[in-house]
Every structure is written in C-alpha cells, then in structure tokens.
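Opening a fresh page for this one. I want to look up the sheet first, then the cysteines.

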Amino acid sequence: MSEPNPRESELVLGGQNPPPINAAILGGEAGKKRQLANELGLSDRLAYEVTQDCDIFSFENVVLTKCGRFVSRTQKKAFYYTEILSDDATLDMVYIPAGTFMMGSDNYYWEQPIHSVTLKSFYMAKYPTTQIQYQSVVGKNPSRFVRNDFPVEQVLWYDTQEFCEKLALLTQKTYKLPSESQWEYACCVNRLEPNNVKGFGETINYAQREQTINVGTFPANAFGLYDMRGNVWEWCLDDYHYNYQDAPDDGSPWLDKNNNTQISKPLRGGYGSGDGSARMSRFPNRPHVAPVQENVGFRVVLSIEECI
C-alpha cells in the first residue's frame, strides 16, 4: 500500500530536525536557504534576492573572554556570494543582517556619547583584502610581509579608493570602505561579552608574532567575518571627528562638507603586536593618511541595494 501524499500543512523546509511524520522536504539547498532567511528575519522580497544571489557557508564561532578564556564554541551559517577578480583571485562577501546597536563607550571622550545606530543590511568582505586580491585589481603590492593570502598592508587611504574604483569597473558594483558604524556593528556582533574577543588574548603570544599572517587563521565572529581583530588595522570611510556628538544614526559614513583634502581617517581593528592593541575594536588610534601606514589594510562593503 502506497504512503499517502503529505498535506500542505505538513510541508517543512529542508534542514529542520526532526520533520513531522509524512512531511515533505522542500528542495535541498533551496530549503536550507529559505530556512536561514527565516532565521535572519528577512522580508519576503529580500529573502528572495539573497537566496537567489547567495550560497551558504558554515563556520565555527569561538567566544572567549577578554582575558582569552574559553566561553563557547558553536557552529553557524551565513549567506555569501563570490566575485571573480582574476584567474587567481576571488572575493567572498558575507551578508550582514540589518539591526540596531549601541555604538561607543564611556572609556574615552572620543568614544562618547554612546548612541543608538540602526543599519540596513549590507555585504562585507569575509576577510581583510588579501595581497593577491589587491594585486589582481590594482596591479601592484605595497606590502612588507609578502604572501598571497596575507592581508595587503602599508596601504594609504587613497590607495583603498583606487582599489574600490577599479573593483567597480571590474564588477559593475559600487564597492566602498565600511563606515565606522558598519565596521563596529559587524565586529561587535555579540554584545553580551564586553569587548568580546574571539580567538585572541591568552591564546596568542603577541611577542612571537610581529608580522601579519594568513587571513582566516583564527575563528570567525558570529556574522562569519574573519580577522576583525589581530591581523591588520582597517581603514574606514568616515572623516576624523573628536567624538560622536552629532554622529549619524543610520550607518552612513560621517563626512565633512566642502572638504576634499581630508588628512585624517579612522582606523579600526588592531594589529596583533605585543602592545595588546588587537584586543580593542575601538582602539583610539586614528592616524594621518599622508605617511605610509605599516600594518594597515582594509576590507570592502557593498550596499544591499546594489544587488536588488
């Protein structure tokens, strides 16, 4: 005797465990994508676009205290898509869901006032821009520690603009540096642990590492982004400001009007040197653009509207 066909109410998305008796599993990968879209709370329109454009990758998220003690280890998934830059280089962009967070801290005057920022969803590079990516797009490599999978460094802020302009010509998409609020939101996804450090602290001997390393060496954060701390400093798009008074609350870059000769831009992240700076996503160093910047790189973002 053949099994009865499942009722419509018994249909479930692929990947749920366990499904109800007689349930039909919808479409393998398509079902898994829809399930992840539901978990992220995507609207029907956005879910359709993201699931059409993106694949899913799995990663391990390790949470440590700021002293480097183990807290938890979990398996997570995220949406991403891949740009082909050359025969030798690709660029993975991770979907960052929309959200609201409290930006800043009471530690220093330049981090005040703490303020609420609400961001639209966007895509962010999974890793800092690597040397092979930079070489493929710009045709040169300014790095001191030369290796394809190391992050590009010794990069001026204006060099990042050249990269973004040439990447836009290559892909027909408007890639940019992240705003400072986009960067902090993407980095500090888990606000339950103050100054939440993932893969750093006592687990790394800073004194033994006075150079950059392969991207992706350490575990990803809860969004699936790697090396948000501890490999290179990363340029942001904003202009320098002494504090967050009157800062944008919508995730946009804070740019001064009528000033096309900015000499100072904020850095975020932290280089994994012996000074412990890699522990601090909000480190107060915001150097001038003009000199060559050792241990400074960048990653790119893309507005979700570019893909819809």
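Ground rule before I read off any strand partners: two strands pair if DSSP finds at least two bridges between them. Also for the record, this is a predicted model.

**Entry 1, the end of the sheet.** I started at β8, residues 122–125, and found 3 bridges joining β8 to β12, with the two strands running antiparallel. Within that pair, Y123 sits opposite L302 of β12.

**Entry 2, the whole sheet.** I then traced the full order and got β3-β4-β5-β8-β12, an open sheet of 5 strands with antiparallel pairing. The edges are β3 (55–64) and β12 (301–303); each has a single partner strand, so one side of each lacks a neighbour in the sheet. I also checked the twist: neighbouring strands are turned by 35 degrees against each other on average, direction ignored.

**Entry 3, what packs on it.** Helix α1, residues 28–39, packs on the sheet and touches β3 and β4 (70–84). I noted the angle between the directions of α1 and β4 as about 120 degrees.

**Entry 4, cysteines.** How many disulfides does the structure hold? I count 0. I looked at C187 anyway: it is in no disulfide, and the nearest cysteine sulfur, that of C188, is 4.2 Å away. The cut-off for a disulfide is sulfur atoms within 2.5 Å. Seen from the other side, C188 is in no disulfide either, and its nearest cysteine sulfur is that of C187.

**Entry 5, burial.** Are these two cysteines buried or exposed? C187 is buried at a relative accessible area of 3%, and C188 counts as buried too, at 13%. I used the cut-off of under 20% for buried.

Definitions and conventions: Residues are numbered from 1 along each chain as its sequence is written. This is a predicted model: local features need pLDDT of at least 70, side-chain atom pairs count only at pLDDT 80 or more; totals for chains, interfaces and linings use all residues. Side-chain values use heavy atoms; hydrogens and water are left out. Helices (H or I, at least four residues) and strands (E, at least two) are DSSP runs, numbered from the N terminus. Axes are lines fitted to C-alpha atoms, for helices over the stretch in contact, and angles run from 0 to 180 degrees between N-to-C directions. Contact means heavy atoms within 4.5 Å. Buried means under 20% relative accessible area, exposed over 50%, partly exposed in between (1.4 Å probe, protein chains only).
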